Amino acid sequence: MVQIGNEWDELLKDEFEKDYYQNLRKFLAYEYRHARVYPDMYDIFNALKYTSYSDVSVVILGQDPYHGAGQAHGLSFSVKKGVMPPPSLKNIFSEIQSDLGIAPPNHGELISWAKQGVLLLNTVLTVREGRPNSHKGKGWEIFTDKVISLLNEREEPIVFLLWGANARSKTSLITNPKHKILTCAHPSPFSASNGFFGCRHFSKANAFLASVGRTPIDWSLPE
């Protein structure tokens with residue numbers, strides 16, 4: 001049984017019992033035994049562990065985890081300290097510098113954002129090494145759609161940052177007018193110049209949070 005350690009346990013307990021999730025568990029048990037899979041199995045639910053339901057202020061949706069050794073640790077776009085930030089994350093830091101004047105940090109570990117209420121959620125939570133989207137369509141999307149739907153039900157306003165077509169496809173799940181949706185191109189080097197650079201989502205998110213009486217996010221990262 002999954003133990004997240006906060007409100008998500010109660011909110012998602014029925015989800016963990018459903019047939020699709022039981023089938024997903026069997027698939028993952030096989031994959032972790034027979035292939036190299038990221039993140040480590042104990043890190044799969046880190047996004048939910050670090051950011052409890054009531055604490056969510058901002059949601060940043062990723063697609064699936066980084067598929068290189070030592071990169072993924074359960075938070076979308078984040079890598080552990082000591083790991084070179086991948087190109088998409090470097091572009092995120094560049095936009096933060098352009099938007100807010102915060103110099104890029106010397107690491108790519110985004111835990112401090114998560115602890116402030118930024119839910120760093122991938123729509124698929126696992127991947128085989130070197131094979132992006134290899135765990136797509138196995139059940140994770142049903143699970144993470146449920147997480148998004150639960151957040152949509154929240155009375156307290158949330159900012160959803162949806163970058164790229166995969167993330168934007170979740171707009172239909174966010175129907176509560178209390179929430180703010182910001183969309184643009186993905187920060188990948190293949191698309192960042194098509195609207196991610198210059199989107200100013202970080203200052204816009206903070207302006208919205210301030211307007212509804214919530215604490216803005218400190219987008220800088222501690223050493």
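These are legends for a set of close-up views of one predicted model.

**Figure 1. A look into the largest pocket of the predicted model.** Start with the volume, which comes to about 490 Å³. There are 25 residues in the lining of this pocket, and D64, P65, Y66, S88 and H186 are the ones that lie nearest its centre. If you're thinking about the chemistry of the walls, the lining residues split into 14 polar, 10 nonpolar and 1 charged.

**Figure 2. The second largest pocket and its lining.** Here the volume is about 380 Å³. Of the 14 residues lining this second largest pocket, V2, Y21, M41, I44 and F45 sit closest to its centre. Helix α2, residues 19-34, gives the largest share of that lining, with 5 residues. The lining of the second largest pocket breaks down as 11 nonpolar, 2 charged and 1 polar.

**Figure 3. Helix α6 and what packs over it.** This one runs over residues 140-152, so to speak end to end in 13 residues. From its first C-alpha to its last, α6 reaches 18 Å, close to the 18 Å expected at 1.5 Å a residue. Which residues of α6 are buried? They are W140, E141, F143, T144, V147, I148, L150, L151 and N152. As a reminder for reading the view, an α-helix has 3.6 residues a turn, so residues three or four places apart point the same way. The cover over the buried residues of α6 includes three helices, α1 (8-17), α2 and α3 (46-50), along with the strands β2 (58-62), β3 (118-122) and β5 (159-163).

**Figure 4. Strand β5, with β2 and β6 as its partners.** β5 also appears in the cover over the buried residues of α6. Why is β5 described as largely enclosed by the rest of the structure? Because 5 of its 5 residues are buried, each with under 20% relative accessible area. Both faces of β5 are covered. On one side you'll find V159, L161 and W163, and on the other F160 and L162, all of them buried. β2 pairs with β5 in the parallel sense over 4 bridges, and V59 stands opposite F160 of β5. Strand β6 (residues 180-184) also runs parallel to β5, joined to it by 5 bridges. In that pairing, L162 faces T183 of β6.

**Figure 5. A cis peptide bond at P39.** The bond to look at goes from Y38 to P39, and its omega is near -5°. P39 itself sits in the loop between β1 (37-38) and α3. That helix, α3, turns up again among the elements covering the buried residues of α6.

**Figure 6. F77, a non-glycine residue with positive phi.** The phi value of F77 is near 70°. You'll find F77 in the loop between β2 and α4 (87-100). Is F77 buried or exposed? Its relative accessibility is 9%, so F77 counts as buried, the cut-off being under 20%.

**Figure 7. R200, another backbone spot to check.** R200 is not a glycine, yet its phi is positive, at about 55°. The residue belongs to the loop between β6 and α8 (201-211). With a relative accessible area of 44%, R200 is partly exposed, since that label covers what lies between the buried cut-off of under 20% and the exposed cut-off of over 50%.

Methods: Residues numbered from 1 in each chain as written. Predicted model: local features only at pLDDT ≥ 70, side-chain atom pairs only at ≥ 80, totals over all residues. Heavy atoms only, no water. 1 Å grid on protein atoms, 1.4 Å probe; cavity = no way out; pocket = protein on both sides within 12 Å on 5 of 7 lines; lining within 4 Å. Points joined across faces, edges and corners; volume = space filled by probe spheres on them. Nonpolar A, V, L, I, M, F, W, Y, C, P; charged D, E, K, R; others polar. Helix = DSSP H or I, 4+ residues; strand = E, 2+ residues; numbered from the N terminus. Expected span 1.5 Å × (residues − 1). Buried < 20%, exposed > 50% of the residue type's maximum accessible area, 1.4 Å probe, protein only. Contact = heavy atoms within 4.5 Å. Pairing = 2+ DSSP bridges.
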